[in-house]
Amino acid sequence: MKPVDFLIKGVSLPEGKKADIAISDGVIASVGNGFKGEANIVIDGSECVVLPGLVDLHTHLREPGREDAETVLSGSRAGAKGGFTALSAMANTSPVADTAGVVEQVYRLGQEAGLLDVFPIGAVTQGLKGEALSEIGAMADSVARVRVFSDDGNCVFDPLVMRRALEYIKKFGGVIAQHAQDPRMTIGSQMNEGVVSARLGLKGWPAVAEEAIIARDVLLADHVKSRLHICHLTTAGGVEIIRWAKARGIDVTAEVTPHHLLLTDDLASSYDPVYKVNPPLRTESDVHALREALADGTIDIVATDHAPHPTEAKECEWQEAAFGMLGLETALSIVQKTMVDTGLMNWAQVAERMSITPARIGGYENQGQVLVAGSIANLVVINPTQKWTVDRDLVLSNSSNTPYHGHELPGVITHTFYKGVATLINGNLSSIGGM
Amino acid sequence: MRHLLSIADLNKSEAISILDTASELARVSDGAVKKLPTLRGRTIVNLFAEDSTRTRISFEAAAKRLSADVINFSAKGSSLSKGESLKDTAMTLQAMGADAVVIRHPASGAAQRLADSHWMSGSVVNAGDGTHEHPSQALLDAFTIRKHLGMGGSDLTGLSVAIVGDILHSRVARSNVLLLSMLGAKVTLVAPPTLLPVGIDSWPGTVSYDFDSVIPHVDVVMMLRVQQERMSDLFFPNAREYSRYFGLNSDRMACMKKGAIVMHPGPMNRGLEISAEVADSARSVITEQVTNGVSVRMAILYVLLAGGALEVGSN
């Protein structure tokens, strides 16, 4: 018998059992104890956990338009480093991904990079303006096979436009991913509205501006019997509305970002715009509500909202700075720190929240597969017993706006496999990433 | 103390020490020769990225009376109006050898950004940042209150102060709430609910929507300017209604305690938040605030650049 490509020996499966995983010809050849065959490369997994490759449903890759901040290639590298085998490229590029042409371009750039799957998200409305529907059908039928539509960065605010979009995507089983932000209530908003914003004299972004849109949209989704996904949930009140909607049987899913599971609005006291993000960092009690909701499944997935910005967009006054922070390279470590090391979730739940469920929501058939023989070999190996220190000068993203610079985080990602090829080997990006 | 960015940077004894230093320096200002040689050879830059006449002139006078070299750098006609970043401006000032930068800026936190960055090494004095703080204004207000109503002690214990108007957008209010409370005064914030920030419950002091019920009980009524742009932004129905509920006119002034004073940080909207009769009345200490501003700003520069407070009674 010919040797397998890779053998990960004695690694913990998400459920906790130890096993040897053999990878060959792009698929998982076997999962079990005491693998007897030959292997070209043997990886000692004894301290490690293996998960299905991570799937991000919310990534800003900035290409086309802002290649100085990120490209599909640089974002793919950052993704592979962070254990991802699929990213979802948000539509707020320049030009906006509101036509088949743009989504096909992004899809092809992802294939050329070859480090992971890049699934473009289509804009709901032309130019993200919230007025007229974009070419939703053409994007769905394109090579990119778009199923997730979002005006992220902007809220689909007009209730009639939202209703029509929710109805229209039923034709091909799509989903609308809503950036829930009432624009009238958040004109000029800079940070969470509360005790800290009052002290700092920064214009508030009230929780109710998120909650009111979520409440409206779950009712709309119920009325037209369509599928709704809520992007980056940040408030305890939003969690309650999602919980209520799910109990009513409404077809809604929700995501939380790693940074909203860890960071709070008091960080704005430094006026350092690295902490400026939309939706904003909230309070300690919101963070606890989000963690609980992720653990109990009210929040379905973790999505990064990876938002690269060039240095000058953050090296300025707070109110002049761009919203957003990097997320791909730190996501799994932050989830380990906030959810696993706290005892709120086990690794099997991490696999669900960061791979299996996001793949299901996005309709990404070759992603988020359970780790059994015959599955496509998309997987990530993490050593949760080791720690590492984030250095913004060493990130693989084209930008360096990580809020974790200097933080020591748990969980070192050693290997990422994409379709049976190692994109990350012992923590180093493989040569297929052009490094 | 290297910077003055917020009243929160000061403890009570530091604040009192600035006020005491200002008292000493005021004697210099009263003399025939108004100048001290203390900061000879030092360079102070007034970086004003927002229009301001009185604060800039006040800092300029203060620096000159301490014999510092003063460079004025204003938004209009400077590189700031050509889109130069705060970072590049700061690095330029550093390259020119500024010992201190007095900054007025429309963005909350701009002074702190300047101080925390490694763009420049000099002292930073916050001369008003967005809707955050205006610490030198609060210090001159406390100085003025102490001078008029101080009960002999060095602080403001036993006094009641009402701050009236647009608390939400006021950097003067934020600094004054912190400082006057720290000095022992009882502060009441009076405003329509729309002009009070969410989260105000955590501030020292109490809140009232009813000016008339507050006015007979306070020693100081501090009126805040109402910006024209608030009119169109749904904060209150119209200027007349605002004035009716929250303006200080002769009728309301007649209800004030004996000896109580009226303050305003300027510039005033006569006829809106304050009537001309009140502004020009015997209770008004508004022009005196301006005079005291120079002494207090001298004290701030003295403490930051000359390395400590002036000993009381020294020359």
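**Exercise 1. Two helices in chain A**

In which hand of crossing does α1(A) pass α2(A)? Work out the packing of this helix pair in the predicted model.

*Solution.*

Step 1. Find the two helices: α1 covers residues 72-81 of chain A, and α2 covers residues 100-113. Their axes lie 9 Å apart and form an angle of about 55°.

Step 2. Classify the angle. Angles of 65 to 115 degrees would be roughly perpendicular and those under 35 roughly parallel, so α1(A) is oblique to α2(A).

Step 3. Now read the hand: α1(A) makes a right-handed crossing with α2(A).

Step 4. List the residues that touch. From α1(A) come A:Val72, A:Leu73 and A:Ser76, while α2(A) brings A:Val106, A:Leu109, A:Gly110 and A:Ala113. Sorted by class, the residues of this contact are five nonpolar, two polar and no charged.

Step 5. Pick out one of these residues, A:Leu73, which sits in helix α1 of chain A. A residue is buried when 20 or more other C-beta atoms lie within 10 Å of its own; A:Leu73 has 21 such neighbours, so it counts as buried. Its C-alpha atom is separated by 9.5 Å from that of A:Gln111, although these two residues are 38 apart along the chain.

**Exercise 2. An enclosed helix**

How many of the 10 residues of helix α10 of chain A are buried? Name them too.

*Solution.*

Step 1. Helix α10 of chain A runs over residues 331-340.

Step 2. Go through the helix and note the buried residues: A:Ala331, A:Leu332, A:Ser333, A:Ile334, A:Val335, A:Gln336, A:Lys337, A:Thr338 and A:Met339.

Step 3. Nine of the 10 residues are therefore buried, and the helix is largely enclosed by the rest of the structure.

**Exercise 3. Unusual backbone spots**

Find two cis peptide bonds and two positive phi values in chain A, and say where they occur.

*Solution.*

Step 1. Start with what to expect: most residues other than glycine have a negative phi, and most peptide bonds are trans.

Step 2. Look for the cis bonds. One joins A:Glu63 and A:Pro64, with omega about 5°. A:Pro64 belongs to the loop between β6 (54-55) and α1 of chain A. Another joins A:Asn278 and A:Pro279, where omega is about -5°. A:Pro279 is in the loop between α8 (258-262) and α9 (284-296) of chain A.

Step 3. Turn to phi. A:Asp25 is not a glycine, yet its phi is positive, at about 55°. The loop between β2 (18-24) and β3 (27-32) of chain A holds A:Asp25. For A:His232, also a residue other than glycine, phi is near 20°. A:His232 lies between β13 (228-230) and α7 (236-247) of chain A, in the loop that links them.

Step 4. Are these two residues buried or exposed? A:Asp25 has 11 other C-beta atoms within 10 Å, and 12 or fewer means exposed. A:His232 has 24 C-beta neighbours inside 10 Å and counts as buried.

**Exercise 4. Each chain as a whole**

Describe the make-up and overall dimensions of chain A, then of chain B.

*Solution.*

Step 1. Chain A has 11 helices and 19 strands. Its radius of gyration is 21 Å, close to the 22 Å that the globule rule gives for 435 residues, so chain A is as compact as a globular protein of that length. The C-alpha atoms of chain A fill a box of roughly 65 × 45 × 45 Å along the principal axes, and 61% of its residues are buried.

Step 2. Chain B contains 11 helices and nine strands. For its 315 residues the globule rule gives 20 Å, and the radius of gyration is close to that at 19 Å, so chain B too is as compact as a globular protein of its length. Its C-alpha box is roughly 55 × 50 × 35 Å, and buried residues make up 51% of the chain.

Step 3. Consider contacts between residues at least 6 apart in sequence. In chain A, 74% of them join residues at least 24 apart; in chain B the share is 77%.

**Exercise 5. Where the chains meet**

Which helix of chain B gives the most to the side that touches chain A?

*Solution.*

Step 1. Count the partners: 20 residues of chain B are in contact with 18 residues of chain A.

Step 2. Find the helices of chain B that each supply at least two residues to this side: α3 (86-95), α4 (110-116) and α6 (171-182).

Step 3. Of these, α4(B) gives the most, with four residues.

Step 4. By class, this side of chain B has six nonpolar, nine polar and five charged residues.

Notes. Residues numbered from 1 in each chain as written. Chains lettered and ligands numbered in written order. Predicted model: local features only at pLDDT ≥ 70, side-chain atom pairs only at ≥ 80, totals over all residues. Contact = placed C-beta atoms within 7 Å. Nonpolar A, V, L, I, M, F, W, Y, C, P; charged D, E, K, R; others polar. Axes fitted to C-alpha atoms, helices over the stretch in contact; angles between N-to-C directions. Parallel < 35°, antiparallel > 145°, perpendicular 65-115°, else oblique. Left-handed = near helix turned anticlockwise from the far one by under 90°. Rg over C-alpha atoms; globule rule 2.2 N^0.38 Å.
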